[in-house]
Each structure stands twice: as C-alpha cells, then as structure tokens.
Amino acid sequence: MFQIIACIFIIIQIIRFLRLFEACTPPKLYHSGTNFASKVLKRCPSLTQVYEPPGIWGKCGHIQTFFYGKIGRFNTPLPLGERFYKTLPSKETITYDIFQPLNEHKTRGDYTILVCPGIANSSEKSYVRTFVKYATESGFRVCVLNHIGSLANVKLTSPKIFTYGDTRYFASMIETVEKMYSDSTFLIVGYSMGGNIAMKYLGENSERQKKILCGVSLCQGYDAVRSTEPMKIGYRRVIYNRMITTNIKKIIRPHWDDLFSSGDSNQQSANYDADRIRSAKFLHDIEDGLLRRIDGHESVYAYMDKAGCCHVIDKVNIPVLLVNTEDDPVVVNDVHDIPKNYSESHPEAIFATYKFGGHLGYYTGSWYKPDDVTLVEKMIIEYIDSIIDIRQKKVHAD
C-alpha cells in the first residue's frame, strides 16, 4: 500500500513539474494602446498567437532553460562571417563578427542587425548562429559582439573581461560598423545580459537612438540588484548560480595569466582577488573578486546597482520590443514591473510575457524532434520587418 501511495505521489509531482495539463496561451501584452502598437501587433503573429511548446517537457521552464544552456539550438548551422579586431585607447581589444545577407531583403533595403549576446557569449554560441542564419537568409546583415574573454583563442590585451552593464564595447563596435555601412539602417537585438546592455546603450545617450530604427530585448533582468537576489537562495543558488559561476570560470581559465599576472606593469591585476576566483563557487565570489574591481567599484552592490538599464530605460524613445517569460528560472517575474511600466508609458514600446519558454528557450515542434528555428528567431524578424514596413508606409504617406 505504501509503495502505491509513493508512486502516486511521485507521478503527481512529475506532472506538476512538467505542467502537463496547463493550457497554452498567447503572450500577455503591455503597451500604451497607441495606433502604432496596434499596427505592430497586426504584423507579428508570434506576439498574438498561442505559443505551443514541445509536448511532455516544453511547458517546464527548467527543462527549456537546460536545453538552451547545454544544447542551445538543434541542428545548429555554421554561418560564415568575417572577424574584426579593434583595440581601444584603454588597451582592451574587442572582436565582432559580421555576416553578410544571403538574400536581398524583401524591401530591397540595406539593414544591419547589431547583436549583443548573453553573459559570456559570442557569435560562436549555437543560439546566436541560428539567429544569424535565419536573419541573413531574410536579407539582413548581422554584426555580433563577442564579449571580451568569451573567445579562448583571442588573447586579452588588457586585464579586463566583460561586465554586466558596461556599454563601452558594444558602443565601440556600433561606432565602427555605422561608419563601415553608412547607408544602412541599424537595428539592435540583445539576449539576456546583452539585452540589458543594449537598452542601457540606448538610454545613456539619446543621440545614439537617431541611427537605430528599433530594438529587441530578450529575457533580461533590467535591475541587476533585484533580478539577482533570487539567485542567492534556494534551488536557484544551488543549480543556476553554480552553473553560471562554472561557465564564467571556464571562460576565465584560458586568460588567467593575462588577468592575474603580477608586476609593476599590471597594476590593475593587483586589485583582483585571484584566490577567491580560483575557489569561487557562486557568482558573488566572482563579482566581488573580479568584476566589481575592473572599474573600481567599492562594493558588489555599487557595481550591480550601476549595471542595470532600469536607471535609463525611460529615456529610450524608439520602437522597442521587450520579451520575458513567466517561467524563467534565471530572471524571475519580480522585475517585470520595470518593462511593464515603461511600455505602458512609451507610445512605441511593447512588453510581451510568455507563459512558457524558460530562459531563452522558446522551442517549438515535437517533443522528440524540436524545430531547428525557435519562436525567438521568428519573433525578432517579424517585429523588425513590421517596424520597417510601418516606417516605410509613413514616409510614403508623408
């Protein structure tokens, strides 16, 4: 009898974990109710139709996030691009990859998507490669920033790696690419941490918005202090905090000597706590031992508080699509008030929250064979094309 009860209990818990009987729904949408938002939504079925994830496991945010973190995308393509190097006055060398369009855009215009990937990521990540292929086949040029330190085969020329909210490297890439393709129309896409950097880049200086047609932010946390608090307790600390910490340590390892070498010529490294990084088990160890010290912040709180785009997002006045999920185990719902309030007070902003999708998962297809292209890739291109179409019709009307 006990065994039967135990089996029933386990089955119920598995069903609850997989959320098997929960209904699929369209995303919840928040905007100011303007005619502009209505025009965008009419052109973007991904934002209005029911999202149906793969069966059995697709409604579980943890599994979607696991697949994103470990696999990325299925049958990942290998798009061919050209890598560029740029050494800044502060001695850091940034790299970015440019992928030319494989087809002509349907409007016959020249468009360049500027991509800021997620934490510690580069153009070599499978989700980025999948988007690059999908976008270039749709007629877009794509330029992807490789976060400093994310490429093991690119030597650091300064004892610095990426930080959560530093926009200098993204800005430097954009400055160069805008000169390379001066007749192009530019659009911005940011994933997770990259979404925060992208929105912060736009909000820091209104002049930057003049050359950007629109922006898309996916699964970012907006406020680095609030969004990371849940990562310090419970299963998120044990699983996700440790997982991200391990990934960052893997990235640091090939650059160890460049980051932590001692000597008079490397005073920056003297401020770092190499022992704490070496033994780091949680993000706070890396944030306190290295990241906050890169730009001289007195505390982790000071560093985190400055990193979030929440302080400048209200200054972004171009069309923006902000996307999050309700079951994201990395960026929890607690921070959704920021994009919600922003979108409801800005006439050209839309905030969409999906019931399922995890952290940058958004898989579609069958449970045993998910589609190669996810909802994310389709959504981004739909949205960008809708803005292009609306702007062109406005120009013709004027």
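What follows is a chat between a visitor and a guide about a predicted model.

Visitor: Let's start at the front end. Which helix holds I4, and what is the accessible area of the nonpolar patch it joins?

Guide: I4 sits in helix α1, residues 2-18. Its partners in a nonpolar surface patch are M1, I5, I8 and I12. Taken together, the accessible area of the patch is about 530 Å².

Visitor: On to the strands. How many residues of β3 are buried?

Guide: Strand β3 covers residues 93-99. On one side T93, T95, D97 and F99 are buried, and on the other I94, Y96 and I98 are too. Both faces are covered, then, and the count of buried residues is seven of seven.

Visitor: What sense does the pairing of β2 and β3 have, and over how many bridges?

Guide: β2 is the strand at residues 82-87. One of the links is E82, whose bridge partner in β3 is I98. The two strands pair in the antiparallel sense, and the number of bridges is six.

Visitor: Which residue in the hairpin of β2 and β3 takes a positive phi?

Guide: The hairpin has five residues between its strands. The phi in question is near 85 degrees, and the residue that takes it is K91.

Visitor: Which residue of β5 is the bridge partner of I98?

Guide: β3 also runs antiparallel to β5, residues 141-146, with five bridges joining them. I98 already has E82 of β2 as a bridge partner. In β5, the partner of I98 is C143.

Visitor: Now for charges. How far apart are N and O in the salt bridge of K179 and E175?

Guide: Side chains of opposite charge can pair when their charged atoms come close. K179 and E175 are both in helix α5 (residues 168-180), four residues apart, or about one turn of the helix. K179 is exposed at 62% relative accessible area, while E175 is partly exposed at 44%. Their N to O distance is 4.0 Å.

Visitor: How many residues apart in sequence are the parts that E178 and K211 tie together?

Guide: The side chains of E178 and K211 meet in a salt bridge at 3.9 Å, N to O. E178 lies in helix α5 and K211 in the loop between α6 (193-204) and β7 (212-218), so the pair ties together parts whose separation in sequence is 33 residues.

Visitor: Is E178 buried or exposed?

Guide: The cut-off for buried is under 20% relative accessible area. E178 has 14%, so the word for E178 is buried.

Visitor: Which residue forms a salt bridge with E344?

Guide: The partner is four residues away in helix α14, about one helical turn. E344 is partly exposed at 37% relative accessible area, and the partner is partly exposed at 29%. The closest N and O atoms are 3.4 Å apart, and the partner is K340.

Visitor: And which residues are joined into one network by salt bridges that share partners?

Guide: The structure holds 29 salt bridges. Those that share partners join into one network R19, E22, D327 and K355.

Visitor: Last stop, H346: which side chain does its own side chain make a polar contact with?

Guide: H346 is in the loop between α14 (337-345) and β9 (349-354), and it counts as buried at 9% relative accessibility. Leaving aside neighbours within four places in sequence, H346 touches S32, D314, V316 and N317. The polar contact, at 3.1 Å, is with the side chain of S345.

Technical notes: Residues are numbered from 1 along each chain as its sequence is written. This is a predicted model: local features need pLDDT of at least 70, side-chain atom pairs count only at pLDDT 80 or more; totals for chains, interfaces and linings use all residues. Side-chain values use heavy atoms; hydrogens and water are left out. Patches are made of residues with over 30% relative accessible area and no salt bridge: like charges are joined within 9 Å, nonpolar side chains (Val, Leu, Ile, Met, Phe, Trp, Tyr) within 5 Å. Accessible areas come from the Shrake-Rupley method with a 1.4 Å probe; for residues, only the protein chains shown count as cover. Buried means under 20% relative accessible area, exposed over 50%, partly exposed in between (1.4 Å probe, protein chains only). A polar contact is a pair of N or O atoms within 3.5 Å; within protein, one must be able to donate a hydrogen and the other to accept it, and residues adjacent in sequence count only if both atoms are side-chain atoms. Contact means heavy atoms within 4.5 Å. Two strands pair if DSSP finds at least two bridges between them.
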